[in-house]
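These are my notebook entries on one structure, written down in the order in which I looked things up.

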Amino acid sequence: MKKHQYARLPLFWRSFAYFCYRYVWKRAFLDGATGFVWTFLQGWWYRTLVDAKIFEIKLLCGNNKEKILQHLKNHYHIQFDDLNR
């Protein structure tokens, strides 16, 4: 359920919200510099990178499922056995 809620949030905002959640609500700030670095790299930077890739693919392909699958196959060498997923 949480994954579905996260996926519905706007791109780039969700990585910031997740960072704030982990750093403040889950109290990573109590771990000092280590908690900040881990939370920043895993909770913000990595998820922003993922959102940037999603943004790039949507910019090139729109929401056309077939174009997205073809783009993933051609540029990232990801094969899907069933194109009707």
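In which helix is the place of lysine 73? I am working from a predicted model, and there I find lysine 73 in helix α4, which covers residues 65-76.

**Entry: lysine 73.** I looked up the accessibility of lysine 73 and noted a relative accessible area of 39%, so I record this residue as partly exposed. Once neighbours within four places in sequence are left aside, I have Ile78 and Gln79 as the contacts of lysine 73. I also took the separation of the C-alpha atoms of lysine 73 and leucine 49, which is 20 Å for two residues that lie 24 residues apart along the chain.

**Entry: α3 against α4.** I then turned to the packing of the helix that holds lysine 73. For α3 and α4 I noted an angle of about 120° and axes that are 10 Å apart. The relation of α3 to α4 is therefore oblique, and I recorded the crossing of these two helices as right-handed. On the α3 side I listed Lys53, Glu56, Ile57, Leu60 and Cys61, which meet Lys67, Ile68, His71, Leu72 and Tyr76 on the α4 side. Sorted by type, the residues of this contact between α3 and α4 come to six nonpolar, one polar and three charged.

**Entry: α2 against α3.** At what angle do α2 and α3 pack? I have about 165° between helix α2, residues 13-25, and helix α3, residues 32-61, and their axes are 8 Å apart. The cut-off for roughly antiparallel is an angle over 145 degrees, and I therefore describe α2 and α3 as roughly antiparallel to each other. The crossing of α2 and α3 is right-handed. From α2, the residues that make the contact are Arg14, Ser15, Phe16, Tyr18, Phe19, Arg22 and Tyr23, while α3 brings a list that includes Gly35, Phe36, Trp38, Phe40, Trp44, Arg47 and Asp51. I divided the residues of this contact of α2 with α3 into nine nonpolar, six polar and four charged.

**Entry: serine 15.** Is serine 15 buried or exposed? Serine 15, which lies in helix α2, has a relative accessible area of 0% and is therefore entered as buried. With neighbours within four places in sequence set aside, I find serine 15 in contact with Tyr6, Gly43, Trp44, Arg47, Thr48 and Asp51.

**Entry: aromatic rings.** A pair of aromatic rings is described by the distance of the centres and the angle of the planes, and I looked up both for the pairs below. My count for the model is 13 aromatic pairs. The ring centres of phenylalanine 19 and tyrosine 23 are 5.5 Å apart and the planes stand at 10°, so I note this pair as stacked. Both of these residues, phenylalanine 19 and tyrosine 23, belong to helix α2, where they are four residues apart, about one turn of the helix. Phenylalanine 19 has 8% relative accessibility and so counts as buried. Phenylalanine 19 also pairs with phenylalanine 36, in this case edge-to-face, at 6.1 Å centre to centre and with 85° between the planes. That second pair links distant parts of the chain, since phenylalanine 19 is in helix α2 and phenylalanine 36 is in helix α3, 17 residues apart. For phenylalanine 36 I noted a relative accessible area of 37%, which means that I enter this residue as partly exposed. I also traced a cluster in which ring pairs link Trp13, Phe16, Phe19, Tyr23, Phe29, Phe36, Phe40 and Trp44.

**Entry: backbone phi.** Most residues other than glycine have a negative phi, so I looked for exceptions. Phenylalanine 12, although not a glycine, has a positive phi of about 75°. I place phenylalanine 12 in the loop between α1 (2-8) and α2, and at 36% relative accessibility I count this residue as partly exposed. Histidine 77 likewise is a residue other than glycine with a positive phi, here near 55°. Histidine 77 has its place in the segment after α4, and with a relative accessible area of 66% I record it as exposed.

Conventions: Residues numbered from 1 in each chain as written. Predicted model: local features only at pLDDT ≥ 70, side-chain atom pairs only at ≥ 80, totals over all residues. Heavy atoms only, no water. Axes fitted to C-alpha atoms, helices over the stretch in contact; angles between N-to-C directions. Parallel < 35°, antiparallel > 145°, perpendicular 65-115°, else oblique. Left-handed = near helix turned anticlockwise from the far one by under 90°. Contact = heavy atoms within 4.5 Å. Nonpolar A, V, L, I, M, F, W, Y, C, P; charged D, E, K, R; others polar. Phe/Tyr/Trp six-rings, centres within 6.5 Å; stacked < 30°, edge-to-face > 60°. Buried < 20%, exposed > 50% of the residue type's maximum accessible area, 1.4 Å probe, protein only.
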